[in-house]
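Thanks for coming. I will walk through one structure this morning, starting at the middle of a sheet and working outwards.

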Amino acid sequence: MLMVPEYDSRYHITDEAAGRYRTYTEKLHAYGIYDYTDYYSNMLQCILFAKGVHLDDEKLKYTEKELCPSAILLGAAPPHSGNTLIRHSLAGHPQIVMIQEVGYFNNNLYSICIRLAEVDTENILEAFWKLYGQEAGEDTISEYFSDKRRFDWKMENLLRFRDRVTSQELFVIFHLAYEFMHGREISDLTNIVIYWEPHQWDRELVGEWSHWLGDEKVKGFLIRTVRNAYMRTGSGIRTEFDAGKRWESLVGSMGTDDWRQEKRKIYENWKERVIRFEDLKRYPRKELTELCEWLGIIYDDILLRTTRHGQTAYYRNLEGESTGFGLEPIYKQYEEYFSAFDRMRLCLLDGAFQKKWGYPYISCLEFSRRELEEMFRKEFRWEKLPQMENDGNKAGIWHRQERFRLLLWQARFMEITNFNLEKNENQEGERDDKIL
């Protein structure tokens, strides 16, 4: 038997690795104290590394009462499943705080906060703007910071007289300064919930941030949404066409990889809730009332309006603008992209997901492997559209087949092992066969 010794990599490294670290450290010093643009440039590795070596696992994450919110709500709604609807609905609630502009600042708060927490408080604001300009571009500042002077004033006042702030407290400070910039003064966090949805990140990774923000003094919540597979996929294809994207991104929007969800772990004291997109659209008052009860905040009818800084917020797509809780998205079958046969195949690809959440479902075990191969070698209706004329290349076809092969393997695995197929215990009612 070959025996390989295992060393603790935190303390035992080779001379070669030590040399690389020394060179890297010298490079940072040469850049200057505020330049962190090369520090944890790979954000996925940053998350895993931070969790693995407890970079942010401080004994006291929220050291001062005035910087300790009542609760934090993480949004992990998948693309085209109501993430914008939830954001615009929660935006107007008087007990909810959030960064309403989706962009570099909101999406990268983790990276920003853990880096700036290493800087003396008197230099944090200067370091932030330098970091922002280098990574997002100074030309975007005015787009996301409508009153930079007001934001800076609040940041300076929140940081003043503090020798040090934790990365978690910086997370809170940024939210308070942002809200102040838009005319909202929050002096008491006792009944405040901070909602954070790192919008462009893989939704399966969002739960990892609960380990960063989680603390026994702060109630933690994670909210997800689900949506009928072929309606979600149809919305995704429409968006991808609007953005001029082709094969890879279109095929990548098919299938949920729902089997991975069993692997995720959130902070031990956090709670998780899943809302069906269709239920949120059809019964908004009921769903949002239950959500408020779950969060421990008072229900407010403002939730029935989609807003952004108090003004009506619109969801824009190829078909124009929509707002509120219109029902068209839950009945639209996207026949311009899918035939009835196409929709059946999508139900096969997402079999476990569809069954678990009460959507139309077909088991892949009803067909032989040969039959499945014949079914999925046929083109989808969207592949015959004019936008795809130049994309019928061998590489694109291979990419599509590899994606389908993987999803069908997963679907068959879950069917045979009965893995993750049971209906969620929080899901009430029978399957709604009207949502075709």
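Start with one pair of residues: Leu-74 has Trp-196, in strand E3, as its bridge partner. Before going further, note that this is a predicted model, and everything I say should be heard that way.

Leu-74 belongs to strand E1, which covers residues 71-75. Strand E3 covers residues 193-196, and four bridges join E1 to E3, with the two strands running parallel. E1 also pairs with strand E4, residues 219-226, again in the parallel sense, this time over five bridges. One position to look at there is Ala-71, which stands opposite Lys-219 in E4.

Is E1 enclosed or open to the outside? Five of the five residues of E1 are buried, so the strand is largely enclosed by the rest of the structure. Ala-71, Leu-73 and Gly-75 point one way from E1, while Ile-72 and Leu-74 point the other way. Both groups are buried. The pattern in E3 reads in a similar manner: Val-193 and Tyr-195 point one way, Ile-194 and Trp-196 the other, and all are buried.

Now the sheet as a whole. In what order do the strands lie? There are five of them, in an open sheet, and the order is E2-E3-E1-E4-E5, with parallel pairing. The edge strands are E2, residues 96-97, and E5, residues 271-276, each of which pairs on one side only. On the E2 side, E2 and E3 pair in the parallel sense over two bridges, and Val-97 stands opposite Ile-194 in E3. On the other side, E4 and E5 are joined in the parallel sense by six bridges. There, Arg-224 stands opposite Val-274 in E5.

Next, a helix. H3 runs from residue 83 to residue 90. Eight of its eight residues are buried, so H3 is largely enclosed by the rest of the structure. The buried residues of H3 include Asn-83, Thr-84, Arg-87 and His-88, and also Ile-86, Ser-89 and Leu-90. Keep those last three in mind for the next part.

That part is about cavities. How many cavities of 30 Å³ or more does a search of the whole structure find? The search finds two. I will discuss the second largest, which has a volume of about 30 Å³. Its lining consists of Ile-86, Ser-89, Leu-90, Ile-223, Ile-275, Leu-280, Leu-288 and Leu-291. Which helix gives the largest share of that lining? H3 does, with three residues. H3 and helix H15, residues 284-295, each supply at least two residues of the lining. By type, the lining residues divide into seven nonpolar, one polar and no charged.

Away from the sheet, look at Met-344, which is placed in helix H17, residues 340-349. Met-344 counts as partly exposed, since its relative accessibility is 23% and buried means under 20%. Leaving aside residues up to four places away in sequence, Met-344 touches Ile-362 and Met-375. Ile-362 is 18 residues from Met-344 along the chain, and their C-alpha atoms are separated by 7.5 Å.

Two cysteines deserve a word. Cys-347 is buried, with a relative accessible area of 4%. Cys-364 is buried too, at 2%. How many disulfides are counted? The count comes to zero. For anyone who wants the reminder, a disulfide is a covalent bond between the sulfur atoms of two cysteines.

Last, the overall figures. The protein has 20 helices and nine strands. Of its 436 residues, 52% count as buried. Taking contacts between residues at least 6 apart in sequence, 76% join residues at least 24 apart.

To go back over the main points: the five strands lie in the order E2-E3-E1-E4-E5, E1 has five of five residues buried, and H3 supplies three residues to the lining of the second largest cavity. That is where I will stop.

Notes:
Residues numbered from 1 in each chain as written. Predicted model: local features only at pLDDT ≥ 70, side-chain atom pairs only at ≥ 80, totals over all residues. Heavy atoms only, no water. 1 Å grid on protein atoms, 1.4 Å probe; cavity = no way out; pocket = protein on both sides within 12 Å on 5 of 7 lines; lining within 4 Å. Points joined across faces, edges and corners; volume = space filled by probe spheres on them. Nonpolar A, V, L, I, M, F, W, Y, C, P; charged D, E, K, R; others polar. Disulfide = S-S within 2.5 Å. Buried < 20%, exposed > 50% of the residue type's maximum accessible area, 1.4 Å probe, protein only. Contact = heavy atoms within 4.5 Å. Pairing = 2+ DSSP bridges.
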